[in-house]
Amino acid sequence: MLVLGIETSSFTLGLGLVEDDKVVFDLFVNSGTPQSEDIIRIMKEWIGDPTQIDGFGVSLGPGSFTGLRVGLATVKGLAIGLNKPVFGIPTLDAFLVGVPYTEYRITPIIDAKRGDIYAASYEKDGKRITPYLATNPVEFFDQLEGEHIFVGDGVRVYSDLINEKLGRRAHFVSPNPDFPRGSWVASIALNRLKKCDFDQVDSLEPIYLHPPRIIKK
């Protein structure tokens, strides 16, 4: 089985091709908001015949609204045009593929700008133990129990705060994965393909989260 994963939840582009649990192609481009034309061009130049692909995985967010719309629209077009299944993968879930072995809880954090983060926490076996959140980082780190390994571009922004709040309970990956790889999205999609756990193309939507705001009157 051959699955293509597309990751556009940030100002980057990730494309990954996984075949029977083996990564055969993995591209990461940090060049601003990706465009659908970029994805199609790279596929033609590097991947070859798209009819050989058995399914498409796409990152659903949370993340950049523009990037998510580009990725999802591209995948929907490919899935419909080639009559292939599609799998929507939450961006925070995809980080778990990049941290396969740990004794700690895994907590991806994405910088949502304006002093907020997108985040979720998972047990070491991958079970999610919080909702997908758009929240204030201080409040989020204050409520964390146990030891956590942190990943995501939010680590660069909030590492000092994390260490202040969790101390020795905080752990990090070096080098830190700022954003998921396309191959991570493809890996999760491949597992779902094996289970025939498809998403409906027409109803698949991005995960848009808005941090709570205090409106001053």
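This short talk walks through one predicted model, from two of its helices to a few single residues and its largest pocket.

Hi everyone, and thanks for coming. Please keep in mind that what you see above is a predicted model.

Let's start with helix α6, which covers residues 182–194. This helix has 13 residues, and from its first C-alpha to its last it reaches 18 Å, close to the 18 Å expected at 1.5 Å a residue. Buried residues in α6 include Trp184, Val185, Ala186, Leu190 and Leu193, and Arg192 is on that list too. What do the buried residues of α6 pack against? Their partners are the strands β1 (2–7), β2 (13–19), β3 (22–29), β4 (55–59) and β5 (86–89), together with helix α3 (91–94). After α6 comes Cys196, with a positive phi near 60°.

Now pick out one residue of α6, Ala189. Is Ala189 buried or exposed? Its relative accessible area is 0%, and buried means under 20%, so Ala189 is buried. Setting aside residues up to four places away in sequence, Ala189 touches Val3, Gly57, Phe87 and Ile89. If you want a sense of distance, look across to Ile106: it is 83 residues from Ala189 along the chain, and their C-alpha atoms are separated by 20 Å.

We can look at α6 from the other side as well, starting from Val18 in strand β2. Val18 has a relative accessible area of 3%, so this residue is buried too. Its contacts, leaving aside neighbours within four places in sequence, include Ser183, Ala186, Ser187 and Leu190. Met1, Leu2, Val3, Val23 and Val24 are also in contact with Val18. Tyr122, on the other hand, is 104 residues from Val18 in sequence and 24 Å away in space, C-alpha to C-alpha.

On to helix α5, residues 154–166. How far apart are the end C-alpha atoms of α5? They are only 15 Å apart, although the helix has 13 residues and a straight one would reach 18 Å at 1.5 Å a residue. If you follow the helix along, you will find a bend of about 50° at Asp160. The buried residues of α5 are Gly154, Val155, Tyr158, Leu161, Ile162 and Leu166. Their cover includes the strands β6, β7 (116–119), β9 (148–151) and β10 (170–172), and also helix α4 (137–142). Gly167 follows α5, and its phi is positive, near 60°.

For an exposed residue, try Glu103, in the loop between α3 and β6. Its relative accessibility is 62%, and the cut-off for exposed is over 50%, so Glu103 counts as exposed. Glu147 is 44 residues from Glu103 along the chain, yet the two C-alpha atoms are separated by 8.6 Å.

Last stop: the pockets. Rolling a probe the size of a water molecule over the atoms shows where empty space is left. In this model, the largest pocket holds about 450 Å³ of space. Which residues lie nearest the centre of the largest pocket? They are Ser64, Asp111, Ala112, Lys113 and Tyr118, out of a lining of 22 residues. By type, that lining divides into 8 nonpolar, 7 polar and 7 charged residues. Strand β6, residues 105–113, gives the most to the lining, with 4 residues. You have met β6 already, as part of what covers the buried residues of α5.

That's the tour. Thanks for listening!

How values were computed. Residues numbered from 1 in each chain as written. Predicted model: local features only at pLDDT ≥ 70, side-chain atom pairs only at ≥ 80, totals over all residues. Heavy atoms only, no water. 1 Å grid on protein atoms, 1.4 Å probe; cavity = no way out; pocket = protein on both sides within 12 Å on 5 of 7 lines; lining within 4 Å. Points joined across faces, edges and corners; volume = space filled by probe spheres on them. Helix = DSSP H or I, 4+ residues; strand = E, 2+ residues; numbered from the N terminus. Nonpolar A, V, L, I, M, F, W, Y, C, P; charged D, E, K, R; others polar. Expected span 1.5 Å × (residues − 1). Bend = angle between axes of the 7 residues up to and from the residue. Buried < 20%, exposed > 50% of the residue type's maximum accessible area, 1.4 Å probe, protein only. Contact = heavy atoms within 4.5 Å.
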